[in-house]
Amino acid sequence: MNKKEWIRALKFTLFSISAGVIEIISFTLLNEFTNMPYWPCYLIALVLSVLWNFTFNRRFTFQSAGNIPKAMALVALFYCVFTPVSTFAGNALANLGWNEYLVTALNMIANFVTEFLYDKYVVFRGTVDSNDLAKKHS
């Protein structure tokens, strides 16, 4: 992997960490201060973090000028698979007595790895480094 791709991976990691902070804070608030079961707490927190992560990674990590509705639709397709799988699996583990925070952390790690690959090779394929920021630095 060349230097530019290492930097891209680092940016994705840092934005994902910030999205993870949003996810864990919102999950914690919902889990601790409501009577909701695991799955709605997780689902609401996930949606908040996805919106944050998509916005920043599109602009700064992948520097894409591609069609926003198309990119968002592709991300939505990813989450049409990831969300039910991670929600049901997480809920099952939580019901088996696993710690809710451990389950959420495992889901976040799986999300981080799979979303980076999906974003790079599907969502932003052909539009990486095409926005005004990329053009300023080339």
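**Helix packing and selected residues in the predicted model**

Helix α2 crosses α3 in a right-handed manner. The model is a predicted one. The α2 and α3 axes lie 10 Å apart and form an angle of about 150°. This angle makes α2 roughly antiparallel to α3, because angles over 145 degrees are counted that way.

The interface between these two helices involves many side chains. From α2 (residues 38-61), the contributors are Y38, W39, Y42, L43, L46, V50, L51, F54 and R58. They meet residues of α3 that include I68, A71, M72, V75, Y79 and F82. Further along α3, the partners include T83, S86, T87, G90, N91 and A94.

The pairing of α1 with α2 was examined next. Helix α1 spans residues 3-33. Its axis is 8 Å from that of α2, and the packing angle is about 155°. The two helices are therefore roughly antiparallel to each other. Their crossing is right-handed.

The largest nonpolar core contains 24 residues. Within this core, F27, Y38, Y42, V75, Y79, V123 and F124 touch the most other members. At least two core residues come from each of α1, α2, α3 (68-95) and α4 (100-123). Several of these core residues recur in the α2–α3 interface, where Y38 and Y42 are contributed by α2, and V75 and Y79 by α3. Beyond four places in sequence, F27 has contacts with Y38, C41, Y42 and A45. F27 also contacts E100, Y101 and T104.

N31 is located in α1. Its relative accessible area is 19%. N31 is therefore buried, since the limit for burial is under 20%. The side chains of N31 and Y101 are joined by a polar contact of 3.3 Å. With neighbours within four places in sequence set aside, N31 is in contact with C41 and Y101. Both C41 and Y101 are also among the contacts of F27.

A65 belongs to the loop between α2 and α3. This residue is partly exposed, with a relative accessible area of 48%. A65 and S130 are separated by 65 residues in sequence, yet their C-alpha atoms are 5.2 Å apart. Outside the window of four places in sequence, the contacts of A65 are R58, T127, S130 and N131. Of these, R58 is also one of the α2 residues that meet α3.

Terms used:
Residues numbered from 1 in each chain as written. Predicted model: local features only at pLDDT ≥ 70, side-chain atom pairs only at ≥ 80, totals over all residues. Heavy atoms only, no water. Helix = DSSP H or I, 4+ residues; strand = E, 2+ residues; numbered from the N terminus. Buried < 20%, exposed > 50% of the residue type's maximum accessible area, 1.4 Å probe, protein only. Polar contact = N/O pair within 3.5 Å; in protein donor to acceptor, adjacent residues only side chain to side chain. Contact = heavy atoms within 4.5 Å. Core = buried A, V, L, I, M, F, W, Y, C linked by side-chain atoms within 4.5 Å. Axes fitted to C-alpha atoms, helices over the stretch in contact; angles between N-to-C directions. Parallel < 35°, antiparallel > 145°, perpendicular 65-115°, else oblique. Left-handed = near helix turned anticlockwise from the far one by under 90°.
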